[in-house]
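The exercises below ask you to read a protein model step by step, and each task sentence is followed by a worked solution. Try each task with the structure in view before you read on.

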Amino acid sequence: MPIKQVHSIPAHVDRIWNLAPHPTLPLLAAATSDKSAQIYSLNTYFPVAQLDGNHKRSIRSVSWKPKSGSNSEVVLATASFDGSVGIWIRDSERYKEVGSTGDSGSIGLEEWEFVASLEGHENEVKCVDWSFDGTHLASCSRDKSVWIWEADEDNEEFECLAVLQDHTQDVKHVAWHPNEDLLASASYDDTIRLWREDDDDWVCSGEIIGHRSTVWCIDFDKTTGEGEARLVSCSADETVRVWSRESMTGNTAHRDIPSTFRSDPISENWQQEAILPQRHSGPIYAVSWSGQSGRIVSVGADGLLVVYQEVKTGEWVVIAEEEDAHSVFEINTAVWSRKWKSTASHGQESDAEKAAPNPGEEEIIITGGDDGNINIWEVTFQT
């Protein structure tokens, strides 16, 4: 089935480590090895902001805080090899017009404010991720730890709620469940761990063992129903695997009872549901599970982009693949995004129009690699 590159953004002279589309706005954040994060419009593919000057080393990961309730602030977290996590807030009232060489004339570059630096990790911070409701922020590091943070209403003061140190090696990635306060972490120790709050403590509620080498990336299935959980992982062992939660034990219904008075601590049983068809010939660095189509994409050191579809529970097939998706370079990140309405040649439009996805059109895949480019891929699959 066809997959084609529809656009390429020559974003940086150095590698792209991580990409994150905003959950509700046509914005894309890119983490790079040049100590900056770039923000792009997914309507025009033009840059709208550059966040730099605060991190001393590469930015490894970026994550948008979901908007909730009356809070309309646009907030981005950045994780850096300098051992810190940065918090940035967009100042929507301040713009400057900058000339552009493109056909669209001039573009407005947004002003962003660096409001907080979260310190505590002893080594490089590898990943950062906001929980589904924006209540918690998780970070992980080469120091083998996972930290959970809570922000005040202004996103300027943060409290560390927990330092989780069950992993025995470098922690590569963290990801929150799409509608539960459940955190997953992936590590150089070849395992995935699950974390939950139990009374006032965060505890390891489950461990997934099965990969034979470093687990580089994880992502939850966003299409599951209430109480269900599935997870995809990728590894240096050249496999992509899907795991499902089979059961939970422990008195999860009566959380008001302190854990010290309970004899049934929360525990989750996760089982391997599938090993996806093997296509990669090197470490697989990133996976992403689409919340729209339920498809999975994987990329890695071999430069291959692979798209999988589930034909029935636990059975997956490859429906598209692209060799040398970033020429001869390794691909570090891949994410699904809705296909936003293009405004590149339509002049001024309202914010509501700009934020409207194209109805009835397919989603896109966005990849970033060591070549410094961000590539946009259109997938036109038959159902």
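**Exercise 1.** How many disulfides does the count come to?

*Solution.* Begin by keeping in mind that this is a predicted model. Next, recall the cut-off, which is that two cysteine sulfur atoms must lie within 2.5 Å to count as a disulfide. By this rule, the count comes to 0 disulfides. As a worked case, take C127, whose nearest cysteine sulfur belongs to C140 at 5.0 Å, and which is in no disulfide. Looking from the other side, C140 is likewise in no disulfide, and its nearest cysteine sulfur is that of C127, 5.0 Å away. As a last step, check the surroundings of these two residues: C127 counts as buried because its relative accessibility is 4%, and C140 is buried with a relative accessible area of 0%.

**Exercise 2.** Describe the protein as a whole before turning to its parts.

*Solution.* Start with the elements: the protein has 1 helix and 29 strands. Then turn to burial, where 53% of the 383 residues of the protein count as buried. For the surface, the accessible area of the protein comes to about 16,500 Å², and 42% of this belongs to carbon and sulfur atoms. Finally, consider the contacts between residues at least 6 apart in sequence, of which 55% join residues at least 24 apart.

**Exercise 3.** In what order do the strands from β2 to β5 form their sheet, and which strands stand at its edges?

*Solution.* First, establish the order: 4 strands form an open sheet as β2-β3-β4-β5, with antiparallel pairing. Second, find the edges, which are β2 (16-21) and β5 (47-51); each has a single partner strand, so one side of each is left without a neighbour in the sheet. Third, look at the twist, since neighbouring strands of this sheet are turned by 20 degrees against each other on average, direction ignored. Fourth, follow one pairing in detail: strand β4 (residues 37-41) pairs with β5 in the antiparallel sense over 4 bridges, and I39 stands opposite A49 in β5.

**Exercise 4.** Carry out a similar analysis for the sheet that begins with β18.

*Solution.* The order here is β18-β19-β20-β21, an open sheet of 4 strands with antiparallel pairing. Its edges are β18 (215-220) and β21 (267-275), and because each has a single partner strand, one side of each is left without a neighbour in the sheet. From one strand to the next, the twist averages 30 degrees. For the detail, β18 and strand β19 (residues 230-235) pair over 5 bridges in the antiparallel sense, with C217 standing opposite C234 in β19.

**Exercise 5.** How many residues of strand β27 are buried, and to which strand do 6 bridges join β27?

*Solution.* Count along β27 (residues 331-337) and you will find that 7 of the 7 residues are buried, so this strand is largely enclosed by the rest of the structure. The 6 bridges join β27 to strand β28 (residues 364-369), and the two run antiparallel. To place one bridge, locate T333, whose partner in β28 is G368.

**Exercise 6.** How many aromatic pairs does the structure hold, and why is the pair of W176 and W202 edge-to-face?

*Solution.* The structure holds 9 aromatic pairs. In the pair of W176 and W202, the ring centres are 5.8 Å apart and the planes meet at 80 degrees, so the pair is edge-to-face; the cut-off for this class is an angle over 60 degrees. Now place the two residues: W176 lies in strand β14 (residues 171-176) and W202 in strand β17 (residues 201-209), so the pair ties together parts that are 26 residues apart in sequence. Both W176 and W202 are buried.

**Exercise 7.** Examine the phi angles of K144 and S327, and say where each residue lies.

*Solution.* Take K144 to begin with: its phi is near 75 degrees, a positive value in a residue other than glycine. K144 lies in the loop between β11 (136-141) and β12 (146-151), and it is partly exposed, with a relative accessible area of 37%. Then take S327, which has a positive phi of about 60 degrees although it is not a glycine. S327 is found in strand β26 (residues 325-328), and at 42% relative accessibility it counts as partly exposed.

Terms used. Residues numbered from 1 in each chain as written. Predicted model: local features only at pLDDT ≥ 70, side-chain atom pairs only at ≥ 80, totals over all residues. Heavy atoms only, no water. Buried < 20%, exposed > 50% of the residue type's maximum accessible area, 1.4 Å probe, protein only. Pairing = 2+ DSSP bridges. Axes fitted to C-alpha atoms, helices over the stretch in contact; angles between N-to-C directions. Phe/Tyr/Trp six-rings, centres within 6.5 Å; stacked < 30°, edge-to-face > 60°. Contact = heavy atoms within 4.5 Å. Areas by Shrake-Rupley, 256 points an atom, 1.4 Å probe, with all protein chains shown as cover.
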